[in-house]
Amino acid sequence: MKKPPLLSLNRVSKTFGGLVAVNDLNLEVSQGYIFGLIGPNGAGKTTVFNLITGVYPCAHGSIRLEDSELTILKPYRIARLGISRTFQTIRLFPNMTTWEHVLIGQNFLSRPRLGGILPLQRAEEFTLREQAQEALKVLGLWEMKERRAVTLPYGSQRKVEIARALAARPKLLLLDEPTAGMNAREKEDVLNALAKIHDFGVTILVIEHDMRVVMGLCDHIFVLNFGQKIAEGTPSEIRKNEEVLEAYLGQEE
Amino acid sequence: MSSYQLDLLSNLGINILLALSVYCPMATGQLSIGNAGFMAIGAYVSAILTVHLHLALFPSLIIGGITAGIIGVIVGFPALRLKGIFLAMATLGFGEIVRNFFMNFLTPLTGGAYGFRGIGSIPISISWIWGWVAFFLLFFFFLSRSRVGLAMMAAHDDETVSELIGIHIVLLKVSAFGVGAFIAGVAGGLYAHYYLYIEPEFFNVWESIHMVLYVIMGGMLTFWGGVLGAGIFTLLPEFLRFLLDWRGAFFGIAIIGLMIARPSGLITREMLRVSFWTPYRKGVKL
Amino acid sequence: MFIQQLINGIMLGSTYSLIAIAFTLLMGILNMLNFAIGEVFMLGAIFGLTFIHLGLSFHLALPLAMICTGASCLVIERFSFRPLRNAPPLVPLLSTIGFSILFQNITVNLWGSERSQFPPWMEPINISVGPVLFSLTQGVILALSILLMIALDLFIQRTRIGRGMRAVAESLETASILGVDFNRIILMTFFVSGSLAGAAGILFGLSFSIVSPFMGMEPGIKGIAAMIVGGMGNVRGAIVGGMFIGIIEVLSVGYLGSAARDFAVYGLLFLALLLRPQGILGVIQPEKERI
């Protein structure tokens, strides 16, 4: 019996002015696996993320997370339903420490009385902080928790973004080029962290350009070009796919 | 203490409240140059209540503040769509509309342009003003260490990302606007009952601009900045008496110079590293 | 009656238009709101009257005053713009608020705070055209305002510097690639902005018989409102916006009483910001968020 998908995109289209960014896209992401979203530059991958998370309004098609229709919801609602993301260019809060980033990531999980202004509900807050601590330790950021996040080395900054997204205990984690600009050691670091995260049962959808990362990490891959899905399958299937090779060879890297 | 010094201290207290009223929306990235309007609402409503309805001071202040706060929330919603200079101009327009309102309407109750005289027969004690100052300072102290305060910081730094991590930006911004309006309203009520006389001209654009200057000069990223700014603007002229009529020029030059030398204001967030409230359990703290 | 009001509105509006142009030039090219323009407007009238008291004729005093106000705007450029190029836009705005306070205080101290007025400029002849009545002075002032606006429009459209200004307004990068000397453009913009504001001050002072250190405050704010209502960064928008506000102001006083005056103007500003923030002639700049 097939499990109902965690996230499904149905005939999703998005145009900007005259430009078609995403064209009649159908995707299904099942719970508990790691999915890759690849394609040449400009294929529409980040646009898909923006549509899922509500940054762009979606006029055509449907995007569902389990039972909820996302296209009618505002971004903060979508986040609270259990979707968290990172960004292509790192977007950290310039004035916050690493620890504060994780705290803010889980902000909506705490439901304090009186808006949390008075320090009540210590037990609940303590539990939340334990979870925050866990997120930092899994990603190897515990030592840097008091440092202002934007002063950290590049690779660590990307990990802070991931930690912030994780702190919300999402069902689905969207990662936009998490290893971009990293050297081999940093990449391995992040991949190990992602494997651990996956062990916790988080479903991951990752946009990546580094083919070795994609092939090694993902259970299932979607290939996009010109806003359309041109192929999907396991890494070995995709590796042999004619159309995929053509799409990439046509691109000047 | 001489009555002159008392006046100075009350001005300081009221200016601190006004600075806090501007700081609150500014902490969520909203610049309001119309808080004199909220101050006017609080002043007139509370004065009408004590003078014509013989209500006691405390409930009048509260009702004045709440009226200002509610109008603040109403204005806060359309304000969401406006950014930067557009928002500043809209709030400026709002302040002027309020001033005009009190010049032309409710005049049998308020004396209109001729002013509202005789708001009580003795000025309230200065401890009323400073009591409220203490209350709001405490409020902001706890706020800055709470999760809501953290959310405000995030909203100020990057609204889009904040929304994407589940922060309810609309609620945050509109509430900040409303709370700021409430504080300005209370300040207005206190002003009215200390000086026993108000007129619409008092609540003009320059008053609003002064409040903004307190916060900008003192430091926009922490509530203490506005306090410092209010202190400087209220007390420094006393020490600059020798400048006589040239104090305005001095302040103009000071502002120009400060913007070149230290645009984030005198107090920065770095200086006052906020320590978030940390819960303890079994002696362990996180 | 209505036509008379309309003409009065246009006369008032033409002054607002000039101030609005002064604001919008800097806004369009440098994305900067120069709050001190209101006081520069006032300085125009003050300088003008001072030169006349010193014995100069109107025909010399007015252009000279314009040059002085242009120069005062260059001072603003030196301290509020040049050192703050990379700061968030709030910072130069606050700096110009500082200049506003400074200019007003200096004027009060050196000139005195009493209201004064220009001596009569022309013969007090009244002209009637159909149902409309106006004085010769008013007519000449209106003509001068319109002349200045046309001159500016031509300047921007036809001259090399004007084209340079438009290029810089479109894109600083492209302009520099095309070899536009944008430092010169910036200085020119400040100077033109200042002289227009000064001219507006003199014309306003002549029209409404008032010269005082405080005369710039309200027109300054209304100039900003006119700029927004007409469309920011757009000279024609400023002209339209200024006329609109002038007409609305006069009509509201005429038909609803003087109490309604500020309500009408600020209410209009409010509505404009809510319903059509890009202004009458403005274009929506899509805020492309790069995610």
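This tour moves through a predicted model, one selection at a time.

**Chain B as a whole**

Begin by selecting chain B and displaying it as a cartoon. Chain B contains 12 helices and two strands. Followed along the sequence, the order of elements is α-α-α-α-α-α-α-α-α-α-α-α-β-β. With the C-alpha atoms shown, chain B occupies a box of roughly 60 × 45 × 45 Å along the principal axes. The radius of gyration of chain B is 19 Å, which agrees with the value near 19 Å that a compact globule of 286 residues would have. Colouring by burial is useful at this stage: 55% of the 286 residues of chain B count as buried. A contact map adds a further view, since among contacts in chain B with a separation of 6 or more, 79% join residues 24 or more positions apart.

**The side of chain B that touches chain C**

Next, add chain C and select the residues of chain B that touch it. Here 31 residues of chain B meet 34 residues of chain C. On the side of chain B, helix H4 (84-104), helix H10 (205-218) and helix H12 (247-261) each give two or more residues. Which of these elements gives the most to the side of chain B that touches chain C? The answer is H4(B), with 12 residues. Coloured by residue class, this side of chain B shows 22 nonpolar, seven polar and two charged residues.

**The side of chain B that touches chain A**

Hide chain C and bring in chain A. This contact involves 25 residues of chain B and 32 residues of chain A. The elements of chain B that supply at least two residues each are helix H6 (126-144), helix H7 (147-157), helix H8 (159-164) and strand E1 (280-281). H7(B) gives the most, with seven residues. By class, the side of chain B that touches chain A comprises 16 nonpolar, three polar and six charged residues.

**H7(B) against H3(A)**

Keep H7(B) selected and add helix H3 (residues 98-105) of chain A. How far apart are the axes of H3(A) and H7(B)? They lie 10 Å apart, and the two helices pack at an angle of about 100°. H3(A) and H7(B) are therefore roughly perpendicular to each other. Show side chains for A:Glu100, A:Leu103 and A:Ile104 on H3(A), and for B:Leu150, B:Ala151 and B:Ala154 on H7(B), as these residues make the contact. The set divides into five nonpolar, no polar and one charged.

**H7(B) against H9(B)**

Staying on H7(B), now select helix H9 (residues 169-195) of chain B. The axes of H7(B) and H9(B) come within 11 Å and cross at roughly 100°. This pair is therefore also to be viewed as roughly perpendicular. On H7(B) the contact uses B:Ala151, B:Met152 and B:Ala155; on H9(B) it uses B:Ile169, B:Leu172, B:Lys173 and B:Ala176. These residues divide into six nonpolar, no polar and one charged. B:Ala151 deserves a label, for it appears both in the contact with H3(A) and in the contact with H9(B).

**A:Pro94**

Move to chain A and centre the view on A:Pro94. This residue is found in the loop between strand E6 (83-85) and H3 of chain A. Is A:Pro94 buried or exposed? A:Pro94 has 12 C-beta neighbours inside 10 Å and so counts as exposed, the cut-off for that class being 12 or fewer. Leaving aside residues up to four places away in sequence, A:Pro94 touches A:Val150 and B:Asp157. For a distance check, pick A:Glu143: A:Pro94 and A:Glu143 are 49 residues apart in sequence, and their C-alpha atoms are 19 Å apart in space.

**The two domains of chain A**

Finally, colour chain A by domain: domain 1 covers 1-82 + 170-253, and domain 2 covers 95-168. Their C-alpha centres lie 26 Å apart. Where they meet, domain 1 of chain A contributes 14 residues and domain 2 of chain A contributes 12 residues. On the side of domain 1, the elements giving two or more residues are helix H2 (75-81), strand E7 (172-176) and helix H6 (184-199) of chain A. H6(A) supplies the largest share of that side, six residues. The residues of this side of domain 1 divide into nine nonpolar, one polar and four charged.

Methods
Residues are numbered from 1 along each chain as its sequence is written. Chains are lettered from A and ligands numbered from 1 in the order in which they are written. This is a predicted model: local features need pLDDT of at least 70, side-chain atom pairs count only at pLDDT 80 or more; totals for chains, interfaces and linings use all residues. Two residues are in contact if their C-beta atoms, placed from the backbone, lie within 7 Å. Helices (H or I, at least four residues) and strands (E, at least two) are DSSP runs, numbered from the N terminus. Ala, Val, Leu, Ile, Met, Phe, Trp, Tyr, Cys and Pro count as nonpolar, Asp, Glu, Lys and Arg as charged, and the others, Gly among them, as polar. Axes are lines fitted to C-alpha atoms, for helices over the stretch in contact, and angles run from 0 to 180 degrees between N-to-C directions. Angles under 35 degrees count as roughly parallel, over 145 as roughly antiparallel, 65 to 115 as roughly perpendicular and the rest as oblique. The radius of gyration is taken over C-alpha atoms; the globule rule is 2.2 Å times the number of residues to the power 0.38. A residue is buried if 20 or more other C-beta atoms lie within 10 Å of its own, exposed if 12 or fewer, and partly exposed in between; C-beta atoms are placed from the backbone. Domain bounds come from an automatic or database domain assignment.
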